[in-house]
Amino acid sequence: MSKYLLLIFYVLISILIGKEFHPFSTFPMYNSFPNYGYVFFLKNEKGEIVTFGRNFSKSKNAGYIAHTFYSLCEHYGFNYGFGKENSEDLKKAGKEMLEMILYNEDEERFNFDSLKLYRRFYFLENKKLKYRDDLMYGQSLK
Amino acid sequence: MANLLNKKFFKEYSSIEWILMKVSLCFIWMKLVTEVAINSETIYYPSGICSLIDCSIFLSVYTSSILLFAAFILSALYITEKYMIVVTFLMFLVSLLSFTLEESNGILNRSGLYTTVFLAQTFAYIRNNQSLKVERIQFPIQIIAGGYFLASISKLNQSGLNWIIEAPQAAIQMVKGFSYTYFDSGNISELDKGLKQADFVLKHEVLVKLLFAMSLVFETFAWLAVRNKISAFAIGVLLSGMHFGILYFMNIFIAAIFYPMIIFMVNPTYLLYSIIKWFYQLVKLGVQSSL
């Protein structure tokens, strides 16, 4: 068998499939550096940051939440990126993301009465890093 | 140190080298599979095989426990080199199911290389020829090198040389990575660190472009790793440097890609073993000569 046969097969099949179909992937992460970056975070009724690590299961971290946003946008065919999402899509995505965050969590032990999910939009303007926070969805827990 | 530098070390894979490789691979694999079993709660976005069959039956405590138990038994058989054709194929299936469940939860960790290295080893054991001792390692290296090559194609296809020209815009990704840690922990110093890294990148554009160009070259020529053990080691060291750079500047660690690469190409546990062995022999020689 050629020294390169499996490599060629894996590369060709991944390219032919052209999308994520485990175990095949085109490994598109960071294949471009667009002028935007999103981070998602929570605030309570007092406007304080509710950290993921101290309040939710280990898997529900900021990275996970960001992954779900992109999967969700792909799933619903939302036009996303560069802060261009319309408020309706952002609200729908926020509602589902908050549902995922709260799924199987013991809400009794929460020391806050409501949660608001925000999206931080980082971008460069005149070679300076700037950001804008947008409210996606808010929900009362009590 | 002689052991590290002799010709045999660079040409063949010793038994201890192979065992330490398997132990490292299973240790990380068990950790990743356990995380998926614990954290997969539902199927949000069916992908891969979960888009073809109903995977929700694998989400119950019972099926997750069976899957974990199977992974543990398979790891033990794999390390002890028992029923390798069946074991490596079953490890491929467990991996395929576990990581597809993870991706169906919207988490794209791109663990495809981890899954496929087991299938590559199944092929090596089915062939079972004189080169088995090399092929059971070289076949997975082909898959891993293919993954890096695909990443390079993806960058060139999506951005072309703009991937290097626009590299300073990676400052956004850097601050994003550190922001994740801030919103997870509440530790504001993480966010400050990210802002400082981003500022550094924006002020040193030429250096950043050069580093990005180097990493693109490493990925594009990762296929050279399949040539022989020396090239695998050299490419592995360069790619490890790239991953550590990404971790330092962007606070991003791509575990499911990094681990199989470093285990098969560099094998750090064997390197550590060799250094300890060499040091022990040196001490022993010193003691003998003083007597």
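Biologist: How many cavities of 30 Å³ or more does a search of the whole structure find?

Modeller: Keep in mind that this is a predicted model. The search turns up 2 such cavities, and the largest has about 110 Å³ of space in it.

Biologist: How do you know which residues line the largest cavity, and which are closest to its centre?

Modeller: A lining residue needs an atom within 4 Å of a cavity point. For the largest cavity, 14 residues line the space, and Glu17(B), Lys229(B), Phe233(B), Met265(B) and Val266(B) are the closest to its centre. On the level of elements, two or more lining residues come from each of helix 2 (7-11), helix 3 (15-39), helix 12 (229-250), helix 13 (255-266) and helix 14 (268-290) of chain B.

Biologist: What makes a lining residue of the largest cavity charged?

Modeller: Just its type: Asp, Glu, Lys and Arg count as charged. Glu17(B) and Lys229(B) are in that lining, so by type they belong to the charged class. The lining as a whole splits into 11 nonpolar, 1 polar and 2 charged residues.

Biologist: Which residues line the second largest cavity?

Modeller: That cavity has a volume of about 70 Å³. Its lining is made up of Val33(B), Val36(B), Ala37(B), Ser40(B), Phe58(B), Leu59(B), Ser64(B), Leu67(B), Ser98(B) and Leu101(B). Helix 3, helix 4 (61-79) and helix 5 (84-104) of chain B each give two or more of them.

Biologist: Which helix gives the most to that lining of the second largest cavity?

Modeller: Helix 3 of chain B, with 3 residues. By class, the lining has 7 nonpolar and 3 polar residues, and no charged ones.

Biologist: Why is the second largest pocket called a pocket and not a cavity?

Modeller: A pocket is an open set of points, while in a cavity the probe cannot get out, so the open kind gets the other name. The second largest pocket has about 560 Å³ of space. Of its 29 lining residues, Trp163(B), Ser215(B), Met242(B), Gly245(B) and Ile246(B) are the closest to its centre.

Biologist: Which helix gives the most to the lining of the second largest pocket?

Modeller: Helix 12 of chain B, with 8 residues. At least two residues each come from helix 7 (132-158), helix 10 (188-203), helix 11 (205-220) and helix 12 of chain B. Sorted by class, the pocket lining has 22 nonpolar, 5 polar and 2 charged residues.

Biologist: Now for the two chains. How many residues does the contact take from chain A and from chain B?

Modeller: 61 from chain A and 74 from chain B. Between them about 5800 Å² is buried, with carbon and sulfur atoms giving 66% of that area. In chain A, His22(A), Tyr30(A) and Phe33(A) lose the most area to chain B, together 15% of what that side buries.

Biologist: What makes Arg110(B) and Glu20(A) a salt bridge?

Modeller: The nitrogen has to sit within 4 Å of a carboxyl oxygen. For these two side chains the N to O distance is 3.3 Å, so the pair passes the cut-off and earns the name. The chains share 2 salt bridges, plus 19 residue pairs in polar contact.

Biologist: Which helix of chain A gives the largest share of the side that touches chain B?

Modeller: Helix 3 of chain A, with 10 residues. That whole side of chain A has 34 nonpolar, 19 polar and 8 charged residues.

Note on methods
Residues are numbered from 1 along each chain as its sequence is written. Chains are lettered from A and ligands numbered from 1 in the order in which they are written. This is a predicted model: local features need pLDDT of at least 70, side-chain atom pairs count only at pLDDT 80 or more; totals for chains, interfaces and linings use all residues. Side-chain values use heavy atoms; hydrogens and water are left out. On a 1 Å grid over the protein atoms alone, a cavity is a set of points where a 1.4 Å probe fits but cannot get out, and a pocket is an open set with protein on both sides within 12 Å along at least five of seven lines; lining residues have an atom within 4 Å of a point. Grid points are joined across faces, edges and corners, and a volume is the space filled by probe spheres set on the points. Helices (H or I, at least four residues) and strands (E, at least two) are DSSP runs, numbered from the N terminus. Contact means heavy atoms within 4.5 Å. Buried area is the accessible area (1.4 Å probe) that two parts lose on being put together, summed over both. A polar contact is a pair of N or O atoms within 3.5 Å; within protein, one must be able to donate a hydrogen and the other to accept it, and residues adjacent in sequence count only if both atoms are side-chain atoms.
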